[in-house]
Amino acid sequence: MAKDGERVVGFVGYGTCRDDGLADYGEVFALYVLADYCGRRIGYALMNAALEKLPVSQKFAVWVLKGNERAIRFYERYGFRFDGAEQEIMLGTPNTVLRMIYEKG
């Protein structure tokens with residue numbers, strides 16, 4: 001969690017990857033930073049903390065909403081790359097999410 005004084009301005013959720021075939025991967029389930037705090041490297045700090053604490057190998061997955069260009073650019077700058085997996089999810093309406101993979105090293 002990232003705070004500005006007592007105010008929570010960002011958070012990251014992570015754990016063991018839930019996807020079939022990626023049992024030796026970690027997964028970032030959620031990463032969020034308030035809009036007023038974007039561009040201050042808070043997302044990078046949260047991502048670094050999550051990847052350091054994941055009790056798995058040096059490989060990680062994240063699912064990102066198709067068309068969320070800001071998030072996609074963030075993950076690409078961090079080193080994640082699309083692996084071709086996608087799925088439909090319901091968020092009130094049908095949405096497509098795309099999987100991105102990162103390998104330390």
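In the predicted model, Tyr75 is in contact with Leu31, Met47, Val62, Val64, Phe80 and Met100, once its neighbours within four places in sequence are left aside. Tyr75 also belongs to the largest nonpolar core, a set of 26 residues, where the residues with the most contacts inside the core are Leu31, Met47, Leu51, Tyr75 and Phe80. Two or more residues of this core come from each of the strands β2 (7-16), β3 (26-33), β4 (59-65) and β6 (94-103), and likewise from the helices α1 (42-53) and α2 (69-78). The greatest contribution is that of α1, which supplies six residues. A second core, separate from the largest one, consists of five residues and includes Leu22, Tyr25, Ala61 and Ile101.

Helix α1 was examined further at Ala50, a residue found in this helix. Ala50 has a relative accessible area of 0% and is therefore classed as buried, the limit for that class being under 20%. Beyond its neighbours within four places in sequence, Ala50 is in contact with Val12 and Tyr14. The C-alpha atoms of Ala50 and Gly15 are separated by 8.5 Å, although the two residues stand 35 residues apart along the chain.

Charged side chains were considered next. The count of salt bridges in the model comes to five. One of these pairs Glu27 with Arg18, with a separation of 2.7 Å between the closest N and O atoms. The two partners of this pair fall into opposite classes of accessibility: Glu27 is buried, at a relative accessible area of 1%, whereas Arg18 is exposed, at 57%.

A salt bridge is also formed between Asp24 and Lys59, whose closest N and O atoms are 2.8 Å apart. This pair links distant parts of the chain, since Asp24 is in the loop between β2 and β3 and Lys59 is in strand β4, 35 residues apart. Asp24 is partly exposed, with a relative accessible area of 36%. Lys59 is also partly exposed, with a value of 23%.

In a further salt bridge, the side chains of Asp83 and Arg99 meet at an N to O distance of 2.7 Å. Distant parts of the chain are again linked: Asp83 is in strand β5 (residues 81-90) and Arg99 in strand β6, with their positions 16 residues apart in the numbering. Asp83 is partly exposed, its relative accessible area being 36%, while Arg99 is buried, at 13%. The pair is part of a network in which salt bridges that share partners join Asp19, Asp83 and Arg99.

Asp19, a member of that network, lies in the loop between β2 and β3. With a relative accessible area of 16%, Asp19 is buried. Apart from its neighbours within four places in sequence, Asp19 is in contact with Trp63 and Arg99. The side chains of Asp19 and Trp63 are joined by a polar contact of 3.1 Å. Asp19 thus has a polar contact with Trp63 and takes part in the salt-bridge network together with Asp83 and Arg99.

At the surface, Met1, Val8, Phe11 and Tyr32 make a nonpolar patch of about 430 Å². Val8, one of the residues of this patch, is found in strand β2. At a relative accessibility of 40%, Val8 counts as partly exposed; this value also satisfies the requirement of over 30% relative accessible area for residues in patches. When residues up to four places away in sequence are not counted, Val8 touches Met1, Ala2, Lys3 and Leu34. Met1 is thus a contact of Val8 as well as a member of the nonpolar patch. The C-alpha atoms of Val8 and Leu65 are separated by 23 Å, and these two residues are 57 residues apart along the chain.

Note on methods: Residues numbered from 1 in each chain as written. Predicted model: local features only at pLDDT ≥ 70, side-chain atom pairs only at ≥ 80, totals over all residues. Heavy atoms only, no water. Core = buried A, V, L, I, M, F, W, Y, C linked by side-chain atoms within 4.5 Å. Buried < 20%, exposed > 50% of the residue type's maximum accessible area, 1.4 Å probe, protein only. Helix = DSSP H or I, 4+ residues; strand = E, 2+ residues; numbered from the N terminus. Contact = heavy atoms within 4.5 Å. Salt bridge = Lys/Arg side-chain N within 4 Å of Asp/Glu carboxyl O. Patch = residues over 30% accessible without salt bridge, like charges linked within 9 Å, V, L, I, M, F, W, Y side chains within 5 Å. Areas by Shrake-Rupley, 256 points an atom, 1.4 Å probe, with all protein chains shown as cover. Polar contact = N/O pair within 3.5 Å; in protein donor to acceptor, adjacent residues only side chain to side chain.
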